[in-house]
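Let us walk through this structure together, from its open spaces to its individual residues. Keep the sequence and the 3D view at hand.

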Amino acid sequence: MRRRLAAGNWKMNGTSASLSEVDALLDAHPAPGVEMVLCPPATLIAALAARRGRHPLGVGGQDCHPEPSGAHTGDIAAEMLRDAGAGFVIVGHSERRADHGEDDALVAAKARAAHRAGMVAIVCLGETLEEREEGRTLEVVGRQLDASVPDGATGGNTVIAYEPVWAIGTGRVPTTDQIAEVHGFLRDRLSARIGAQGAFVRLLYGGSVKGSNAAEIFAVPDVDGALVGGASLKAADFSPIVAALEEAAAREAP
Ligand code: PGA
């Protein structure tokens, strides 16, 4: 009922030379059994979209401005990402929340912009280490979910990525029990927030996902895939994660 999704976030990494990694990834998964999406820097979106040819690889941006156009030097509208070939856009990544002071209301406005442009918003949320140690994880992610996911969110236009800030780029990963607790909580909360569509929204886990831990994470209930940073840059690192997700999907299929 929810197609599994492996999404890569290249962050501020990659030039046109990096596109050879995409060729290698597509060669390794010519007909993927899960949805595959790469979010390169905005400078590479058009080239990546052209490069995939007829391959079903999805292409995404890493951020967008809430407005469709205007005097916002350096910003990119969702419509522009769409025009360049993107079908997805990450909003509310913790690095943007921290580096650019983005709050939940702005993240929701960006997700609405993605929807307006006909794209899927990948809405990120997650607690800091301090919040977890204070026992506030569910309170924090619940508040972020309520305020960052806009009205009109559906399984077709929205993906949620749970990314504990302390797990991003650190090699530290929550236990599978901790992931299960948060994903189960988010699933229930989503249904309270958007009703029946809550059952169709994919919930990704993100934070230090690698080939070596992917299978264990993908076996957790309500984990529909992953948002992968560092390990998405090289085909040799991302491909085993995609393969683990394909195996999880195949096990679940009737
Ligand atoms: P990481 O990043 O996989 O490098 O930990 C995840 C993310 O920020 O999406």
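Which helix gives the largest share of the lining of the largest pocket? It is helix α4, residues 94–99, with 3 residues in that lining. Bear in mind that this is a predicted model.

Stay with the largest pocket for a moment. It holds about 510 Å³ of space. In total, 22 residues line it. Nearest its centre lie Lys-11, Gln-62, Asp-63, Arg-96 and His-100. The lining is mixed in class: 9 residues are nonpolar, 7 are polar and 6 are charged.

Now turn to the second largest pocket. Its space comes to about 170 Å³. Its lining is made up of 16 residues. Look for Gly-169, Ser-208, Val-209, Gly-229 and Gly-230, which lie nearest the centre of this pocket. By class, its lining has 8 polar, 5 nonpolar and 3 charged residues.

Next comes the ligand. Which residues come nearest to it? Lys-11, His-93, Glu-163, Gly-169 and Ser-208 do, out of 13 residues around the ligand. Some of these names have already appeared. Lys-11 is one of the residues nearest the centre of the largest pocket. Gly-169 and Ser-208 are among those nearest the centre of the second largest pocket.

Three polar contacts to ligand oxygen atoms deserve a look. Glu-163 uses its side chain: an N or O atom there is 2.6 Å from an oxygen atom of the ligand. Gly-169 uses its backbone, with an N or O atom 2.6 Å from a ligand oxygen. Gly-230 also takes part through a backbone N or O atom, at 2.8 Å from an oxygen atom of the ligand. Gly-230 also belongs to the residues nearest the centre of the second largest pocket.

Leave the pockets and look for enclosed space. How many cavities of 30 Å³ or more are there? The count is 1. About 30 Å³ of space lies in the largest cavity. Its lining consists of Trp-10, Glu-21, Val-22, Leu-25, Leu-38, Ser-232, Lys-234, Ala-235 and Phe-238. Two helices, α1 (19–28) and α10 (235–252), each supply at least two of these residues. Helix α1 gives the most, with 3 residues. In class terms, 6 lining residues are nonpolar, 1 is polar and 2 are charged.

Two single residues round off the tour. Start with Thr-137, in helix α7, which spans residues 137–148. Is Thr-137 buried or exposed? Its relative accessibility is 7%, so Thr-137 counts as buried. Leaving aside residues up to four places away in sequence, Thr-137 touches Glu-127, Glu-131, Arg-132, Tyr-162 and Val-182.

Then find Arg-3, in the segment before strand β1 (5–9). Arg-3 counts as partly exposed because its relative accessibility is 47%, and exposed would require over 50%. Beyond residues up to four places away in sequence, Arg-3 touches Pro-32, Gly-33, Val-34, Glu-35, Arg-202 and Asp-224. With Val-34 there is a polar contact: the side chain of Arg-3 reaches the backbone oxygen of Val-34 at 3.4 Å. Finally, compare Arg-3 with Val-201. The two are 198 residues apart along the chain, yet 9.6 Å separates their C-alpha atoms.

Technical notes. Residues are numbered from 1 along each chain as its sequence is written. This is a predicted model: local features need pLDDT of at least 70, side-chain atom pairs count only at pLDDT 80 or more; totals for chains, interfaces and linings use all residues. Side-chain values use heavy atoms; hydrogens and water are left out. Helices (H or I, at least four residues) and strands (E, at least two) are DSSP runs, numbered from the N terminus. Buried means under 20% relative accessible area, exposed over 50%, partly exposed in between (1.4 Å probe, protein chains only). Contact means heavy atoms within 4.5 Å. On a 1 Å grid over the protein atoms alone, a cavity is a set of points where a 1.4 Å probe fits but cannot get out, and a pocket is an open set with protein on both sides within 12 Å along at least five of seven lines; lining residues have an atom within 4 Å of a point. Grid points are joined across faces, edges and corners, and a volume is the space filled by probe spheres set on the points. Ala, Val, Leu, Ile, Met, Phe, Trp, Tyr, Cys and Pro count as nonpolar, Asp, Glu, Lys and Arg as charged, and the others, Gly among them, as polar. A residue is near a molecule or strand if one of its heavy atoms lies within 4 Å of it. A polar contact is a pair of N or O atoms within 3.5 Å; within protein, one must be able to donate a hydrogen and the other to accept it, and residues adjacent in sequence count only if both atoms are side-chain atoms.
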